[in-house]
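Reader: I am new to this structure and should like to understand the terms by which it is described. Would you explain the grounds for each of them?

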Amino acid sequence: MTLHIPFDNSYARLPQGFFAPQRPTPVKAPSLIAFNAPLAAELGITGTDDPRLAALFAGTALPEGATPIAQLYAGHQFGNFNPQLGDGRAVLLGEVVDTNGIRRDIQLKGSGPTPFARRGDGRAWLGPVLREYVVSEAMHALGVPTTRALAATRTGEEVIRDRPLPGAVLTRVASSHIRVGTFQVFAARRDYDTLQTLFDYTQGRHYPEAHTPADMLAEVCDRQTRLVAHWMSLGFIHGVMNTDNCTLSGETIDYGPCAFLDAYHPDKRFSSIDRFGRYAYAAQADIILWNMAQLATALVPLTDDQDKAVTAFTEIIHAAADTLRAEWTRRFAAKLGISEPAPEDAQLIGDLLMLMQNGASDFTNTFRALVDGTARDQIADRDAFDAWHARWQERITDEPEPQALMARSNPAIIPRNHRIEEMIAASVQGDDDLFHRLGAALANPYESAPEFADLRTAPTRDQEVTATFCGT
Ligand code: AMP
Ligand code: MG
């Protein structure tokens, strides 16, 4: 059959200034690594037995109805404003309205240079493509709002990084690719008509109930602070939370040097380019507010009384800090089986985290061990743990179902950094078994399937990954 994607491309109907028309660049020898059939079905895609599937998702052939474009945006990268970024190595093929009535973007990443590529080659190598595929799908299975992975293909071409590496293309699905940086680019240019058009488009697509810039800012703050609290409850470190990697939809986007905590430490960072720990594990809670303040700044020109708007927006950002704290407490309390946290519970949570930090306890396995009743084995200071344990038991005596709450709040398995690295090394050699096995194991992260026990153990010293590298 012929692949059919029921495109309805609204972004491409916006004025030209929002994007550059850009076809993906054909590749030498496309071959499919993975295709996410359940996601395709959700998107209303049919004809997936089309023999051209690899060519279509590597960008060599264009599916009917696509209007490929590279989107324009700006962004603060590590705090420095870059007035023009944009999709340098990605094209939006178009959008579909999925079987749930939700508009979703379908984007190729690594599909060749665009007018926004600057000095980049527009390509991606296999490692970051497989990392994003596995980690974004794992995040989805963990319950975290995220972009999805529809396909991964090898290009049959080499890309030159520090050495020649196999090239690949990721097909990414997002509820949109509108970023804080998309607002910033038009605000910085003082192109307020276009900024207003973007606001109207975003409001219509994501926030139909939000009628003013203040309403929308509050809604975005709500989603983004909840998102970051969710990340933290799973030990996730995004690694490069620049404003161009921060969505208006509240989905996690752009899995570059991301990583999950092994041993717990609030200052942990992996990214080799994050020299000062701007995006370290616990710093994410502050940085999301900083990013939201940049969005607020970009929205001010859309208001009639700008002084009043600045005051109102400042209050919204302050309120977002409270939301984040409350959501953090709610998520971590749930990890302890507490369904309705009281403010004092922050102490109980903090004391356990301190014990974990002092003994370099594995984040995921320690919380999961609370479910199994073996957490004592994970903590170096056993006496201190026993004292904490008594307080905890006392706290949850009246909880109706602490066990069930803990079991769905503490995953048994996360995409461990050393397993991801192992997978990438194997796939570079042409062996994708580990990629598929990781995908299968991570599809049910709250279950302790015996056949995946090896994927749940914390890394040994030799296995431990200490640095991750940018997606490029
Ligand atoms: P990222 O760090 O992946 O979010 O990318 C930051 C910016 O660099 C975006 O504008 C990307 O499109 C651009 N970029 C990253 N890698 C490449 C590449 N290989 N070729 C062209 N542009 C790139
Ligand atoms: Mg990015």
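Author: The answers below concern a predicted model, and they set computed values against the cut-offs in use.

Reader: Why is E95 called buried, while R103 is called partly exposed?

Author: The cut-off for buried is under 20% relative accessible area, and partly exposed runs from there to 50%. E95 has 0% relative accessibility, so E95 counts as buried. R103 has 22%, and therefore counts as partly exposed.

Reader: What makes the pair R103 and E95 a salt bridge?

Author: A side-chain nitrogen of Lys or Arg must lie within 4 Å of a carboxyl oxygen of Asp or Glu. For R103 and E95 the N to O distance is 2.7 Å, so the pair meets the criterion. Both residues also belong to a network of salt bridges that links D8, R13, E95, R103, D105 and R205. In total the structure holds 29 salt bridges.

Reader: How do you know that E132 and R172 form a salt bridge, and which parts does the pair tie together?

Author: The closest N and O atoms of E132 and R172 are 3.2 Å apart, and the limit is 4 Å, so the pair qualifies. E132 lies in helix α3 (residues 126–142) and R172 in strand β10 (residues 164–174), so the salt bridge ties together parts that are 40 residues apart in sequence. E132, at 2% relative accessibility, counts as buried; R172 is buried as well, with a relative accessible area of 2%.

Reader: Which residues pair with D254 in salt bridges?

Author: D254 pairs with R179, the closest N and O atoms being 3.2 Å apart, and with K109, where the corresponding distance is 3.5 Å. Both values fall within 4 Å, so both pairs are salt bridges. The pair of D254 and R179 links distant parts of the chain, 75 residues apart: D254 is in the loop between β11 (236–237) and β12 (259–260), and R179 is in the loop between β10 and α4 (180–188). R179 is buried, with a relative accessible area of 1%.

Reader: What makes N245 and D254 donors of the magnesium ion (ligand 2)?

Author: The cut-off for a donor atom of this metal is 2.8 Å. N245 (OD1) and D254 (OD) lie 1.9 to 2.1 Å from the magnesium ion, so they count as its protein donors. Both residues are also buried: N245 has 11% relative accessibility, and D254 has a relative accessible area of 13%.

Reader: Why is a set of residues called a nonpolar core, and how many residues has the largest one?

Author: The name applies because the residues are buried, belong to a set of nonpolar types, and are joined through side-chain atoms within 4.5 Å. The largest such core has 121 residues, and Y11, F183 and L336 have the most contacts inside it. Helix α8 (residues 306–335) gives the most to this core, with ten residues. The same core draws at least three residues from each of domain 1 (11–174) and domain 2 (178–412 + 456–472). A second, separate core of 20 residues includes I5, F57, V96 and I106.

Reader: How do you know that domain 1 and domain 2 are in contact?

Author: Contact requires heavy atoms within 4.5 Å, and 41 residues of domain 1 are in contact with 43 residues of domain 2. The two domains bury about 3300 Å² between them, 61% of it on carbon and sulfur atoms. Four salt bridges are counted between domain 1 and domain 2, and 26 Å separate the domain centres, taken over C-alpha atoms.

Definitions and conventions. Residues numbered from 1 in each chain as written. Chains lettered and ligands numbered in written order. Predicted model: local features only at pLDDT ≥ 70, side-chain atom pairs only at ≥ 80, totals over all residues. Heavy atoms only, no water. Buried < 20%, exposed > 50% of the residue type's maximum accessible area, 1.4 Å probe, protein only. Helix = DSSP H or I, 4+ residues; strand = E, 2+ residues; numbered from the N terminus. Domains from an automatic or database assignment. Donors = N, O, S within 2.8 Å, 3.2 Å for Na, K, Ca; no water. Buried area = accessible area lost by both parts, 1.4 Å probe.
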